[in-house]
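Work through the exercises below with the sequence and the structure side by side. Try each task yourself before you read the solution that follows.

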Amino acid sequence: QVQLVESGGGLVQAGGSLKLSCTASIGTFSRYSMGWFRQAPGKERDLVAAVSRTGVYTYYVDSVKGRFTISKDNAENTVYLQMNSLKPEDTAVYYCAAAATVQPEVVRLGDREYDYWGQGTQVTVSS
């Protein structure tokens, strides 16, 4: 019954903003650390941002630092990715992922560490 559903993708001009949402149908959402990954055509799937179980600890890949913000709302079973100052190189399919995690302060950086994945949402940034 576990599923992750992303939403919020679309087409935006360079410099614009989008906010992605990922709502999880998981029994105890607070037990999971969460991550956002992206994959452009012909490229590998790479981590964009990750957040700990509590939502307190976060990680960002260098290319999005200062532009993207990940947040986790355990009451709503939802993780968000606020994307500002978007660039054409941000164009990709964005995936939400969940990892069962024991330590509340841990962020997971490897895609193999995640247990569940969403279907992805397309983000296209035009120049």
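**Exercise 1. Decide whether Arg108 counts as buried or exposed, and describe its surroundings.**

Step 1. The model is a predicted one, and the relative accessibility computed for Arg108 is 18%. Buried means under 20% relative accessible area, so Arg108 counts as buried.

Step 2. Next, place the residue in the chain: Arg108 belongs to the loop between strand 9 and strand 10.

Step 3. Now look at the side chain of Arg108, which makes a polar contact of 3.0 Å with the side chain of Glu113, while another polar contact of 3.0 Å joins it to the side chain of Thr101.

Step 4. Widen the view to the residues that Arg108 touches, leaving aside those up to four places away in sequence; among them are Ser33, Leu47, Ala50, Ala99 and Tyr114. Finally, compare sequence with space for Tyr59, which is 49 residues apart from Arg108 along the chain, although the two C-alpha atoms are separated by 8.8 Å.

**Exercise 2. Find the partners of strand 5 and explain why this strand is described as largely enclosed.**

Step 1. Strand 5 covers residues 46-51, and five of its six residues are buried, so the rest of the structure largely encloses it.

Step 2. On one side of the pairing, strand 4 (residues 32-39) is joined to strand 5 by five bridges in the antiparallel sense. To locate this pairing in the model, look for Phe37, which stands opposite Leu47 of strand 5.

Step 3. Follow the chain between these two strands: they form a hairpin with six residues between them, and in the turn Gly42 has a positive phi of about 75°.

Step 4. Strand 5 also runs antiparallel to strand 6 (residues 58-60), with three bridges between them, and here Ala50 has Tyr59 as its bridge partner. The hairpin of strand 5 and strand 6 has six residues between the strands, and Gly55 takes a positive phi near 85° in it.

**Exercise 3. Trace which strands pair with strand 9.**

Step 1. Begin with burial: seven of the nine residues of strand 9 (residues 92-100) are buried, so this strand is largely enclosed by the rest of the structure.

Step 2. Strand 9 runs antiparallel to strand 4, and eight bridges join the two; Tyr95 of strand 9 is the bridge partner of Phe37.

Step 3. Strand 11 (residues 121-126) is antiparallel to strand 9 and is joined to it by three bridges, with Gln122 as the bridge partner of Val93.

Step 4. Strand 10 (residues 116-117) is likewise antiparallel to strand 9, joined by two bridges, and Ala98 stands opposite Tyr116 of strand 10.

**Exercise 4. Which cysteines form the disulfide, and what is its handedness?**

Step 1. A search of the whole structure finds one disulfide, and it joins Cys22 to Cys96, with 2.1 Å from S to S.

Step 2. This pair links distant parts of the chain, since Cys22 is in strand 3 (residues 18-25) and Cys96 is in strand 9, 74 residues apart.

Step 3. The torsion about the S-S bond of Cys22 and Cys96 is about -75°, and therefore the disulfide is left-handed.

Step 4. Check the accessibility of each partner: Cys22, at 0% relative accessibility, counts as buried, and Cys96, also at 0%, counts as buried.

**Exercise 5. Describe the aromatic pair of Phe37 and Trp117, together with what lies around it.**

Step 1. The whole structure contains four aromatic pairs. In one of them, Phe37 and Trp117 are tilted, with 4.8 Å centre to centre and 50° between the planes.

Step 2. Phe37 lies in strand 4 and Trp117 in strand 10, so the pair ties together parts that are 80 residues apart in sequence.

Step 3. Consider how accessible each residue is: Phe37 is buried, with a relative accessible area of 2%, whereas Trp117 counts as partly exposed at 26% relative accessibility.

Step 4. Phe37 and Trp117 form one aromatic cluster together with Tyr114, and Arg45 lies over the face of Trp117, at 3.9 Å from the ring centre. Elsewhere, Lys72 lies over the face of Phe29, at 4.2 Å from the ring centre.

Terms used:
Residues numbered from 1 in each chain as written. Predicted model: local features only at pLDDT ≥ 70, side-chain atom pairs only at ≥ 80, totals over all residues. Heavy atoms only, no water. Buried < 20%, exposed > 50% of the residue type's maximum accessible area, 1.4 Å probe, protein only. Helix = DSSP H or I, 4+ residues; strand = E, 2+ residues; numbered from the N terminus. Pairing = 2+ DSSP bridges. Disulfide = S-S within 2.5 Å. Polar contact = N/O pair within 3.5 Å; in protein donor to acceptor, adjacent residues only side chain to side chain. Contact = heavy atoms within 4.5 Å. Phe/Tyr/Trp six-rings, centres within 6.5 Å; stacked < 30°, edge-to-face > 60°. Lys NZ or Arg CZ within 6 Å of the ring centre and 35° of its normal.
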